Amino acid sequence: MKNGEIVRARNVYERAVKKLADEEDAEQLFVAFAEFEERCKKTERARCIYKFALDHIPKGRAEDLYRKFVAFEKQYGDNEGIEDAIVGKRRFQYEDEVRKNPLNYDAWFDYIKLEESVGNKGRIREVYERAISNVPPTEEKRYWQRYIYLWINYALYEELDAGDMERTRDVYRECLKLIPHEKFSFAKIWLLAAQFEIRQLNLKGARQILGNAIGKAPKDKIFKKYIEIELQLGNIDRCRKLYEKYLEWAPENCYAWSKYAELERSLSETERARAIFELAITQPALDMPELLWKNHLRDRLHDRVCRYKMQLGLITQLLGSPEDSDLGFLRSDNARKYVKQLPRFPKQPFAEKFPDVSPVAIDLVEKMLVFDPSKRITGKLGQ
């Protein structure tokens, strides 16, 4: 083709694009125009035509255009150009999928993943916003479970990748407003929102979120995490109030009763712990009574062991620490080892300890209070 003919042909194509760019068969016109420039060795002009067409023709009518552009870039483009063409083709495929079924959340996830790999913040946010606008049409939890993760991923993107804390907060807030909590809720989104505020050192905000969660949609996970947070901060009174609300909501929950009593026992509040167990076993229904009884029994044994240890300490402080020869009556090796590792005390002189008691009574008591039973005085004559 001679140069003059090339110029005239190009002018015809340009006039046709101006008039027919919005027609349904415009795709064929753009492909023909780009292939014409390609034959004329004008690859940059051909590339511009392809890109212009892809920006103006609806995705649903540009399938052949995408295919031709990818083939063009593979032949003439550099690595970046080829990658852009492939991304464009995949973008077209995802657009087609979500157009056919906007509630196909897996397709939206794939589309978002593609845009995040490219890294254009504006496009990423645009796809996220389009995805979350497709609210499940029915208020049944099973239809929302996949959808909620779009919001979760959006919030994590804003916090960790975009670094926009206010947008992160807005995403969590809008998500929580959208969920029909009177019918169902998601503990995960409440907890993620609260944990985000903690990372921002906004403890008041975290407490407000968790308090709203307990008020609107109480769940085991929320109570447990809220109590864990307050316990780490050393707010015992808050923990107690939360356990009371927890048990008011679920009085049959043996786990909650046991953990509440365990908290009190860790604070050496043995009477409070015992009262909690006694209140628990009076409940008309319990989900795991065997767990409650097991912990209650362990608590009682723990108290007995503590009293035994305390009494043994008082005895050794008065009588003095026993020698090895005094421990032969103990059959258990572990018991002997335990007594031996106790702090060493000298014997207290009873006469000095009890100056107002007669020497005869002192002598009798000293002979009676001996570790080894075989060495104690008995009531037999001659001893």
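Is aspartate 96 buried or exposed? Keep that in mind as you open the structure, and select the residue when you reach the second stop.

A word on what is on your screen: this is a predicted model, where local features need pLDDT of at least 70 and side-chain atom pairs count only at pLDDT 80 or more, while totals for chains, interfaces and linings use all residues. Residues are numbered from 1 along each chain as its sequence is written, and side-chain values use heavy atoms, with hydrogens and water left out.

**Stop 1: the annotated span**

Select residues 92-252. The UniProt record, an unreviewed entry, annotates this span as "domain: Pre-mRNA-splicing factor Syf1-like N-terminal HAT-repeats". UniProt positions are given here in the numbering used for this model, feature names are shortened, and annotations may be inferred rather than shown by experiment. The span is 77% helix and 0% strand, and its end C-alpha atoms lie 54 Å apart. Helices (H or I, at least four residues) and strands (E, at least two) are DSSP runs, numbered from the N terminus.

**Stop 2: aspartate 96 and arginine 99**

Now select aspartate 96 and show its side chain. Aspartate 96 is buried, at a relative accessible area of 19%. Buried means under 20% relative accessible area, exposed means over 50%, and partly exposed is in between (1.4 Å probe, protein chains only).

Add arginine 99, whose side chain meets that of aspartate 96 in a salt bridge of 2.4 Å, N to O. The term salt bridge stands for a side-chain nitrogen of Lys or Arg within 4 Å of a carboxyl oxygen of Asp or Glu. By this rule the count comes to 33 salt bridges. Why are aspartate 96 and arginine 99 separated by about one helical turn? Because they are 3 residues apart in helix α5 (residues 79-100).

**Stop 3: two helices side by side**

Select helix α8 (residues 141-161) and helix α10 (residues 187-199). Two packed helices are described by the angle between their axes and the distance between the axes. For α8 and α10, the axes come within 11 Å and cross at roughly 10 degrees. Here axes are lines fitted to C-alpha atoms, for helices over the stretch in contact, and angles run from 0 to 180 degrees between N-to-C directions. The two helices are therefore roughly parallel to each other; angles under 35 degrees count as roughly parallel, over 145 as roughly antiparallel, 65 to 115 as roughly perpendicular and the rest as oblique.

Which residues meet in this pair? Show Tyr149, Ile152 and Glu159 in α8, which meet Lys188, Ile189, Leu192, Phe196 and Arg199 in α10. These residues divide into 5 nonpolar, no polar and 3 charged. Ala, Val, Leu, Ile, Met, Phe, Trp, Tyr, Cys and Pro count as nonpolar, Asp, Glu, Lys and Arg as charged, and the others, Gly among them, as polar.

**Stop 4: helices α13 and α14**

Go on to arginine 240 and glutamate 264, whose side chains meet in a salt bridge (2.7 Å, N to O). Arginine 240 lies in helix α13 (residues 236-249) and glutamate 264 in helix α14 (residues 254-266), so the pair ties together parts that are 24 residues apart in sequence. Arginine 240 counts as buried at 15% relative accessibility, and glutamate 264 counts as buried at 0%.

Stay in α14 and select lysine 259, which forms a salt bridge with glutamate 262, the closest N and O atoms being 3.3 Å apart. These two are 3 residues apart in α14, so about one helical turn separates them. Lysine 259 is partly exposed at 27% relative accessibility, and glutamate 262 is partly exposed at 33%.

Elsewhere, salt bridges that share partners join Arg10, Glu14, Glu37 and Arg45 into one network.

**Stop 5: two loop residues**

Most residues other than glycine have a negative phi, and most peptide bonds are trans. Select lysine 41, where phi is near 65 degrees, a positive value. Lysine 41 sits in the loop between α2 (26-39) and α3 (43-56) and is exposed, at 72% relative accessible area.

Next, select serine 268, where phi is also positive, near 65 degrees. Its place is the loop between α14 and α15 (270-280), and serine 268 is exposed at 61%.

**Last stop: valine 370**

Finally, select valine 370, in the segment after α19 (359-368). Valine 370 is partly exposed, with 23% relative accessibility. Not counting residues up to four places away in sequence, valine 370 touches Lys375 and Arg376, where contact means heavy atoms within 4.5 Å. Add leucine 319: it is 51 residues from valine 370 in sequence and 7.8 Å away in space, C-alpha to C-alpha.
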